[in-house]
Amino acid sequence: LLFNMLIWGPPGTGKTMMAQRLARSSGLDFIYFSGSSLDQFSLEEALIKLHELFEYPKKTGKKMVIIIDEAERLLGKRSPGMPEKTAKILTDILTYLGTETSIYHKNL
């Protein structure tokens, strides 16, 4: 079962803590990942880190919750002026999430 949830709200309102408690109350481990942490890597390194993040539960055989904090840095609206690194990271994340984009729907 693939399930994605976006929790939105102002900083400091407990979104991350709620996601962690949701994971624990469901009996699941969780991985915390900050979207801004990819800034320090080249595009190739960032894509490798994302691959490792999303493949870890498969590799370990554990059902896990992946918490991406500061996701707005990675999941912005696609636009012609979007930096190449951001666009490729967004595409990679959407591939793992199994989520179609609005651009996909416009091209049909």
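This passage describes helix α1, its packing, a surface patch and the surroundings of S34 in a predicted model.

Helix α1 spans residues 15-25, and its two sides differ in their exposure to the surroundings, with A19, Q20 and A23 buried and R21, R24 and S25 exposed on the other side. Viewed along the axis of α1, the buried residues fall within an arc of 100 degrees, so they line one face of the helix. These buried residues of α1 pack against strand β1 and against β2, the latter comprising residues 64-69. Just after α1, G27 adopts a positive phi of about 75 degrees.

L22, which is likewise found in helix α1, has a relative accessibility of 40% and therefore counts as partly exposed, since that class lies between the limits of 20% for buried and 50% for exposed residues. Together with F3 and M5, L22 forms a nonpolar patch on the surface, and the accessible area of the three residues together amounts to about 330 Å².

Strand β1, one of the two strands against which the buried residues of α1 pack, covers residues 29-34 and includes S34. With a relative accessible area of 16%, S34 is classed as buried because this value is under 20%. The side chain of S34 is joined to that of S36 by a polar contact of 3.1 Å, and, when residues up to four places away in sequence are not counted, S34 touches D69 and E70. Of these two residues, D69 belongs to β2 (64-69).

Definitions and conventions: Residues are numbered from 1 along each chain as its sequence is written. This is a predicted model: local features need pLDDT of at least 70, side-chain atom pairs count only at pLDDT 80 or more; totals for chains, interfaces and linings use all residues. Side-chain values use heavy atoms; hydrogens and water are left out. Helices (H or I, at least four residues) and strands (E, at least two) are DSSP runs, numbered from the N terminus. Buried means under 20% relative accessible area, exposed over 50%, partly exposed in between (1.4 Å probe, protein chains only). A polar contact is a pair of N or O atoms within 3.5 Å; within protein, one must be able to donate a hydrogen and the other to accept it, and residues adjacent in sequence count only if both atoms are side-chain atoms. Contact means heavy atoms within 4.5 Å. Patches are made of residues with over 30% relative accessible area and no salt bridge: like charges are joined within 9 Å, nonpolar side chains (Val, Leu, Ile, Met, Phe, Trp, Tyr) within 5 Å. Accessible areas come from the Shrake-Rupley method with a 1.4 Å probe; for residues, only the protein chains shown count as cover. A salt bridge is a side-chain nitrogen of Lys or Arg within 4 Å of a carboxyl oxygen of Asp or Glu. The arc is that of the directions from the helix axis to the C-beta atoms.
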